[in-house]
Amino acid sequence: MATLVGSAVKPAPRGSNLASQLAASRVSGRGFSRGTQLPGGLLQERDKRAKWHGIPILLQKLFESSHPNSDLSHAHSFLKVLSSQLSMEAMTFVTEDRKTPQESTFPNTYTFDLFGGVDLLVEILMRPTLTMQKKKPKMNDDLVKDCLSVLYNCCICTEGVTKSLAARDDFVLFLFTLMTNKKTFLQTATLIEDILGVKKEMIQLEGIPNLSGLVQSFDQQQLANFCRILSVTISEPDVGNDDKHTLLAKNAQQKRNASPSRAEVNQVTLLNIPGFIERLCKLATRKVSEATGANFLQELEDWYTWLDNALVLDALMQMATEEAEQSSTESSDESSLATSPLRHRLPQSMKIVHEIMYKVEVLYVLCVLLMGRQRNQVHKMLAEFRLIPGLNNLFDKLIWRKYTASNHVVHGQNENCDCSPEISFKIQFLRLLQSFSDHHENKYLLLNSQELNELSAISMKANIPEVEALINTDRSLVCDGKKGLLTRLLTVMKREPPDSSFRFWQARAVESFLRGATSYADQMFLLKRGLLEHILFCIIDSGCTSRDVLQSYFDLLGELMKFNIDAFKRFNSYVNTPEKFQAFLTQINSSLVDSNMLVRCIVLSLDRFESQTEDVKVVEVLSECSLLSYMARVENRLSFLFRLINIINVQTLTQENVSCLNTSLVILMLARRKAKLPFYLNALREKEYTEKYPGCLLNNFHNLLRFWQRHYLNKDKDSTCLENSSCIPFSYWKETVSVLLGSDRTSLCAIVSYIDEPFVDLDRDLLED
């Protein structure tokens, strides 16, 4: 941006390119420091030829009429003229293809910035903060709105303006103070959101003057929009590089940054604001009128072709509701956001889209807080303020209405995908359920009282004790009505098209309910509702090809069947032909990264069932179930082991594929229990020689296990998850890894004993920083 302070300089030679010289001076810091230093006559003469549309001359007048202690009324009149010129370019940007900002596309906005317009508006806005007077002068609200709106237009239409503003910490913090005024809130929030999106360093919320008072002063509409801003400040930045997503890189980064991140500090700051979480829960669960007419979805999609921001939608709503009040004067909202042609075309269904977009932002913030370090504190508050029962009451009428889109768009699992408000709302809702249920006793709040009683009855019939979390559930905080939220979710899950991305999130949400220590009653509750048959249909018969969806179904199937003999019996009833069983195996083998959790479940379950041969039912299923019979053959277990070790190495380990390493460990731990570990290690050695790459498989596995020690022995949560999900004490995990990594070449349980000396290639520096 150009600078607005400096002494006069000689006029440029008549024939030179003034615009080029101005642009060059901004880079070099020499020459012109602002366009308003140039003589008005020269600007007027060059204006028509350069197609500046009088913008430099208007800026000069704006500068001259905006000196300190002036009443700024004349300045405002010049700004209105400028605003009307710039707003048309902003409208083009919003309604067309969001082209990359460049001079040729948006010449007016480019010229405005080139001649120092952006800096001048920042100076005008911040002028009250520079006075030494105790009573700060108050600026006209309409002038502030127009300044903010023009700045926003410059941000979206001219490259570099947003980053330039983001670099000014004083201006960013100052903008938050403008949010106290309801009349300027929308324009301020829109600009802040744009700036924070490109800011190199995350802003610290505790640095905002009187943040607690500011948030408490917001009405519900303002608070919802503020959540859109907050989402940038509480989410860990996306590193945007696949290499940095590896566990090796993540562990190194955590070692360097032992203290809490800015995002984590900001989360604590928010939780310390009185009433903040309670108000978000109210926003997330408040009811809205149902849409009328069959064309609602089409209307929604049509409007979304140009609406990409809840704040823009707010401006439209504000214009529609305040039209009478603004009829005498030109609305600054109209000029700034260039939306006046639309004011008479707002459909009634906009109100519902409005509410949906609010809830997307609120659910996102709640979801991030649920996954943070203060998870238990957040959980307690969400339960107390009845978030889950409230969402349950909205499920049929708003979250998952009964209409079906004819052109259903399939999206991947990236929660930041550019999709419609309706799709974003559903995905955020499902992500929230996943975070809420995952390894937490509050998961039973997703049921109603009758369903809780059903769980108790299942435990009683099976003659097993009820889980403690179920006993401790506060019945006054569970779902109301005939169905709980989990049951409603199962119902819509079965109706989704085979490749719908919602299936991925639905399966993840249901799986999170089952994760942790295996509960027979929880599994039976879902089995009775036909979940296993539905999953098998999707994997075998539906023609689903989405790897994301299939992975989520494999993981869910594993949690549903683990240690449950009834589930394996149901599996055998559905997969009742060799063709079906082969189709199932083909899906498993097509990507072990996706299916290895299911493989682990089968191996663990088989091991337990083989120790329960006094049970007639178990013996019957063991003899009849094709899946258990397949895994009982040692050559099949070895085949899985070979491939699990082969598809990963330390450099490529991520949170997604580290499960392959743990599944291979499970196979070897169970072998060790039966004194068969040497047999498995020798089989790996023979496989290497058969494939003519001696040492490759075992050297890789050795390095993987060394990484495993570093990774898991310092992470309580991960070790707890491994123990709960496998029912193998973590001490046995550690002991088995230590035995495998033993350096004694005479030990039959040490990997090094099976690598011939010439082929030993253990990378000792691989894990060093």
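**A helix pair, a buried leucine and the limits of confidence**

In this predicted model, Leu531, Leu532, His534, Ile535, Leu536, Cys538 and Ile539 of helix 29 meet Leu550, Tyr553, Phe554, Leu556, Leu557, Leu560 and Met561 of helix 30, a contact meaning heavy atoms within 4.5 Å. The residues of this contact comprise 13 nonpolar, one polar and no charged, where Ala, Val, Leu, Ile, Met, Phe, Trp, Tyr, Cys and Pro count as nonpolar, Asp, Glu, Lys and Arg as charged, and the others, Gly among them, as polar. Helix 29 spans residues 531-541 and helix 30 residues 547-561, and their axes come within 10 Å and cross at roughly 150 degrees; the axes are lines fitted to C-alpha atoms over the stretch in contact, with angles running from 0 to 180 degrees between N-to-C directions. The crossing is left-handed, that is, the near helix is turned anticlockwise from the far one by less than a right angle.

Across the whole chain, the secondary structure comes to 41 helices and zero strands, both being DSSP runs numbered from the N terminus (helices H or I, at least four residues; strands E, at least two). Of the 769 residues, 56% count as buried, meaning under 20% relative accessible area with a 1.4 Å probe and protein chains only. Among contacts between residues at least 6 apart in sequence, 77% join residues at least 24 apart.

Leu684, in helix 38 (residues 677-690), offers a local example of burial, with a relative accessible area of 0%. Leaving aside residues up to four places away in sequence, Leu684 touches Leu641, Phe642, Ile645, Leu697 and Leu698. Leu641 lies 43 residues away from Leu684 along the chain, and the C-alpha atoms of the two are separated by 8.6 Å.

Confidence is expressed as pLDDT, the predictor's confidence in each residue, from 0 to 100; its mean over the chain is 82, and 77% of the residues reach 70 or more. The highest mean belongs to helix 28 (residues 520-527), at 98, and the lowest to helix 19 (residues 332-337), at 37. Over residues 326-346 the pLDDT is below 50, although this stretch has 38 contacts in the model beyond near neighbours in sequence. Residues 403-416 also have pLDDT below 50, with 24 such contacts. Where pLDDT is low, the predicted coordinates should not be read in detail.

Residues are numbered from 1 along each chain as its sequence is written, and side-chain values use heavy atoms, with hydrogens and water left out. Local features need pLDDT of at least 70 and side-chain atom pairs count only at pLDDT 80 or more, whereas totals for chains, interfaces and linings use all residues.

Note on methods:
Buried < 20%, exposed > 50% of the residue type's maximum accessible area, 1.4 Å probe, protein only.
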